[in-house]
Amino acid sequence: MILLGTVRLDADVPAPPTDHALHTFRKLQLSDKFWAEGVAIADVNRDGHMDVISGPYWYEGPDFKRRHAIYPTNQSFVRTRKDGTTETVEGYDGATGWSNDFHSYACDINGDGWPDILTVGFPGKEAVWYENPGREGIASDRPWKRHVAFDAVGNESPIWVDLFRNGRPVLLFMLGDVLGYGEPNGSNPGDKWTFHPISTPLPIVQDMRERYEISSGGKPFPPMPYCHGLGCGDVNGDGRLDILEMEGWWEQPDSLQGNPTWKLHKWPFLKKRPPPSAAASGTYIDYYNWPYALRAAQMYMYDVNGDGLADLVSSLDAHGYGLGWFEQLRERDASGEIQFRPHLIMGPRPAENRYGASFTELHALNLADIDGDGLKDLVTGKRKWAEGRNGPDPETNAPSLLYWFKLVRNPDGTVEYIPHLIDDNSGVGEQVWVGDINGDGLPDIAVSNKNGTFVFLQEVRNVGKSEWDDAQPKVLPGAPVDRPQ
């Protein structure tokens, strides 16, 4: 027993129970129809409540029970029931095809104070924006005016982002063989937008062309809008956002005058791909999976381990396995290039997570501080039928999981991402939206995919240590904390 002033500290007396904040999510299904792989959140009618935008519809907050059309549609398909009879179902048939809405962004494009909707369609198709009709038009459910921004948008993870930190977002995507960004034309945003190339023809596309012609017996290479993985972040700490893609990062120059070509720095952790003549499988795309390339989704730069250097966070294969972070090292190579050390969160093989988490088709990724501890966590999941019900992706018919991975910085300097299952029957599409939807100060999640459209409202309650411990994922016996590759 130790006496300290008038306070008695006794090692034999158990400490009082400690409250722990348990983070859970309440699931709301807004629709069970497949309209879109993208989703956006905004106060569409400016009534003080956030609304959900998915495909041709927006769902009115705060209860999301009223559905309003952005543009008219009669999309439907015929489905055969188990008893052999048929039924007509609105929306798209996710078992055999895709929608025309892969990504959605809410933004005031024309500067009138009302949120418009920017939609990127099927890869290689149009990007259009729908002009919010304002208070009178919304009250009468008038269709929104449609404007074509670009005739064709490539890459499966285009992003609407404030690339130059000037308050004017741009659309980052591929046009043909090059990478660049598009922006509205000043005072005439209804006109076609301007594309600014930042790259030479991408090495990976050139290599794909050569492989395709070999594997196809000389057939010409088709338009290739299906490249995976895109993002931006300040890689080298110069205050400018660089562009990230599956081959490397493109360094933003001091000046954008004259649309200069940005400098490519290849990711040093990628293994060299076999030469085209070695593509014995006949499927050239096989050689663009990890570890030859990041066949990724959204890509981010974030200081994961707290050492002051930005690290890369990415899925490894949007159609297969793998999730990781790539630690930026202080040591440069002989030519002065930035080096990275890969760390696997979930490996390219099924059971390589110390908590046993494993799933495929990580086609959408977001970073956000879910639990309010000041660190950005990961939100991702399994896309439903990325290549259809009978597609080639591994475990294509497995449950559509939605997870958040809590970032933990351990006292010994190691880092881990602890997986927390949110839901096992929703998953992600090509986007996963994270932010405060209901105004309670807690980050919520929204997704839209072949299972429908969903909102997950975060709820926090204080529980005792025993209940909190029971709710935590369990470490597999003998699993290491971190496994640099």
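Leaving aside its neighbours within four places in sequence, which residues is Gly124 in contact with? The legend for the Gly124 view gives the answer, after a look at the whole chain.

**Figure 1. The whole chain, a predicted model.** Local features here need pLDDT of at least 70, side-chain atom pairs count only at pLDDT 80 or more, and totals for chains, interfaces and linings use all residues. Numbering runs from 1 along each chain as its sequence is written, and side-chain values use heavy atoms, with hydrogens and water left out. The protein chain has three helices and 32 strands; both are DSSP runs numbered from the N terminus, with helices being H or I of at least four residues and strands E of at least two. Its C-alpha atoms fill a box of roughly 80 × 60 × 55 Å along the principal axes. The radius of gyration is 24 Å, which agrees with the value near 23 Å for a compact globule of 485 residues (taken over C-alpha atoms; the globule rule is 2.2 Å times the number of residues to the power 0.38). Of the 485 residues, 54% count as buried. For the labels used below, buried is under 20% relative accessible area, exposed is over 50%, and partly exposed is in between, with a 1.4 Å probe and protein chains only. Among contacts with a separation of 6 or more, 51% come from residues 24 or more positions apart, where contact means heavy atoms within 4.5 Å.

**Figure 2. Gly124 in its loop.** Back to the opening question: Gly124 is in contact with Asp151, Ala152, Val153 and Pro225, leaving aside neighbours within four places in sequence. The loop that holds Gly124 runs between strand S11 (116-120) and strand S12 (127-131). Gly124 is partly exposed, as its relative accessible area is 26%. Asn155 is 31 residues away along the chain, and its C-alpha is 7.8 Å from that of Gly124.

**Figure 3. Arg295 and its surroundings in the loop between strand S21 (263-266) and strand S22 (298-302).** Is this arginine buried or exposed? Arg295 counts as buried, because its relative accessibility is 13%. Its side chain joins that of Asn289 in a polar contact of 3.2 Å. For the record, a polar contact is a pair of N or O atoms within 3.5 Å; within protein, one must be able to donate a hydrogen and the other to accept it, and residues adjacent in sequence count only if both atoms are side-chain atoms. Beyond neighbours within four places in sequence, Arg295 is in contact with several residues, including His228, Met246, Tyr288, Asp317 and His319. Pro291 sits in the loop between S21 and S22 too, and a cis peptide bond joins it to Trp290, with omega at about 10°.

**Figure 4. Thr194 in strand S17 (residues 194-197).** Here the side chains of Thr194 and Asn185 make a polar contact of 2.4 Å. Thr194 is also in contact with Phe150, Tyr181, Gly182 and Glu183, which are among its partners once neighbours within four places in sequence are left aside. Thr194 is partly exposed, given a relative accessible area of 30%. Don't look for Arg142 alongside: it is 52 residues from Thr194 along the chain, and the two C-alpha atoms are separated by 29 Å.

**Figure 5. Arg26 on strand S3 (residues 20-31).** Which side chain does the Arg26 side chain make a polar contact with? That partner is Glu459, at 2.9 Å. Arg26 also touches Val455, Phe456 and Leu457, among the residues that are not up to four places away in sequence. With 40% relative accessibility, Arg26 counts as partly exposed. Arg332 is 306 residues from Arg26 in sequence and 46 Å from it in space, C-alpha to C-alpha.

**Figure 6. Backbone details: Pro62, Arg46 and Trp385.** Gly61 and Pro62 are joined by a cis peptide bond, with omega at about 15°, and Pro62 lies in the loop between strand S6 (57-60) and strand S7 (66-69). Arg46 isn't a glycine, yet its phi is positive at about 55°. Its loop lies between strand S4 (40-42) and strand S5 (51-54), and Arg46 counts as partly exposed at 38% relative accessibility. Trp385 has a positive phi of about 50° without being a glycine. This tryptophan is in the loop between strand S27 (377-381) and strand S28 (402-409), and it counts as buried at 15% relative accessibility.
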